[in-house]
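This briefing goes through one protein structure by topic. Please keep the sequence and the 3D view at hand while reading.

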Amino acid sequence: LSLSLSLSLSLSGWSLCALCLSPFTMPPQLLRLCVALGLMPMFTGSRLRQEDYPPRITEHPSDLIVSKGEPATLNCKAEGRPSPTIEWYKDGERVEMDMDDSNSHRLMLSSGSLFFLRIVHGRRSKPDEGSYVCVARNYLGEAVSHNASLEVALLRDDFRQ
């Protein structure tokens, strides 16, 4: 594939276009290149459609200040075709959510928002406090939301402990 790819890129757009005729057997980077250059043929049915478009964030998360132990939601909505998948990142690291773990306190809502059943915050461990972004992806690309900070408000009783 690499020999074929380098030869096709050095030839005319028609050669690259011929290489782009099978979008389901090519690497995603090459598929994005073909789409970006406008060389991707349009398919119907279960294949690539002319209406497909990359993700776009339609609702960005907002900064939150939440009390320890309280629920919270960081909103994120995205559109794209096909519908994008959404992932959350906290301080640059992917947020893990284990739906099968009954002790997990974070859930991804169907809208793409991140829901905290309760904000966890201690003297030594502050796993929920930080800067969050959501990333929406489909085969045509990705969109990254604005940063949103989640801060834990300390109540007067917390200072006495």
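S5 and S9 run antiparallel and are joined by six bridges. Within this pairing, Thr 85 has Arg 137 of S9 as its bridge partner. The model is a predicted one, and the points below follow S9 to its other partners, then turn to the disulfide, the core and a second sheet.

**Strand S9 and its partners**

- Seven of the nine residues of S9 are buried, so the rest of the structure largely encloses this strand.
- S9 also pairs with strand S10 (residues 141-144), in the antiparallel sense and over four bridges.
- The connection from S9 to S10 is a hairpin of two residues.
- In the pairing with S10, Arg 137 stands opposite Glu 142; Arg 137 is also the bridge partner of Thr 85.
- A further antiparallel pairing, over three bridges, links S9 with S11.
- In general, the strands of a sheet pair through backbone hydrogen bonds, in a parallel or an antiparallel way.

**Ser 149 in strand S11**

- Ser 149 belongs to strand S11, which covers residues 148-153, and Ser 131 stands opposite Ser 149.
- Is Ser 149 buried, partly exposed or exposed? The relative accessible area of Ser 149 is 22%, and buried means under 20%, so this residue counts as partly exposed.
- Apart from residues up to four places away in sequence, Ser 149 touches Ser 62, Asp 63, Leu 64, Gly 130 and Ser 131.
- Ser 149 and Lys 90 are 59 residues apart in sequence, while their C-alpha atoms are 9.2 Å apart in space.

**The disulfide**

- The structure holds one disulfide, formed by Cys 76 and Cys 134 with their sulfur atoms 1.9 Å apart.
- Which parts of the chain does the pair tie together? Cys 76 lies in the loop between strand S3 (72-74) and strand S4 (77-81), and Cys 134 lies in strand S9 (residues 130-138), so the link joins parts that are 58 residues apart in sequence.
- The disulfide is right-handed, because the torsion about its S-S bond is about 65°.
- Cys 76 is buried, with a relative accessible area of 0%, and Cys 134 is buried with a relative accessible area of 0%.

**The largest nonpolar core**

- The largest nonpolar core has 18 residues, of which Leu 74, Trp 88, Phe 116, Ile 119, Tyr 132 and Leu 150 touch the most other members.
- At least two residues of this core come from each of S3, strand S5 (85-90), strand S8 (114-116), S9 and S11.
- Leaving aside neighbours within four places in sequence, Leu 74 is in contact with ten residues listed here: Pro 61, Ser 62, Leu 64, Trp 88, Ser 113, Leu 114, Phe 116, Tyr 132, Ala 148 and Leu 150.

**The three-stranded sheet**

- Three strands, in the order S3-S8-S7, form an open sheet with antiparallel pairing.
- S3 and strand S7 (106-108) stand at the edges with a single partner strand each, so one side of each has no neighbour in the sheet.
- From one strand to the next, the twist averages 20°.
- S3 and S8 are joined by three bridges in the antiparallel sense, and Ala 72 stands opposite Phe 116 in S8.

**Pro 82 in the loop between S4 and S5**

- Pro 82 is found in the loop between S4 and S5.
- With a relative accessible area of 35%, Pro 82 is partly exposed.
- Not counting residues up to four places away in sequence, Pro 82 touches Asp 52, Asn 138 and Tyr 139.
- Pro 82 and Arg 137 are 55 residues apart along the chain, and their C-alpha atoms are separated by 9.4 Å.

**The chain as a whole**

- The secondary structure of the protein chain comes to four helices and eleven strands.
- Of its 161 residues, 32% count as buried.
- Among contacts in the chain with a separation of 6 or more, 54% are between residues 24 or more positions apart.
- The chain exposes about 10,100 Å², and carbon and sulfur atoms supply 53% of this area.

Terms used. Residues are numbered from 1 along each chain as its sequence is written. This is a predicted model: local features need pLDDT of at least 70, side-chain atom pairs count only at pLDDT 80 or more; totals for chains, interfaces and linings use all residues. Side-chain values use heavy atoms; hydrogens and water are left out. Buried means under 20% relative accessible area, exposed over 50%, partly exposed in between (1.4 Å probe, protein chains only). Contact means heavy atoms within 4.5 Å. A disulfide is a pair of cysteine sulfur atoms within 2.5 Å. A nonpolar core is a set of buried Ala, Val, Leu, Ile, Met, Phe, Trp, Tyr and Cys residues joined through side-chain atoms within 4.5 Å. Accessible areas come from the Shrake-Rupley method with a 1.4 Å probe; for residues, only the protein chains shown count as cover. Two strands pair if DSSP finds at least two bridges between them. Axes are lines fitted to C-alpha atoms, for helices over the stretch in contact, and angles run from 0 to 180 degrees between N-to-C directions.
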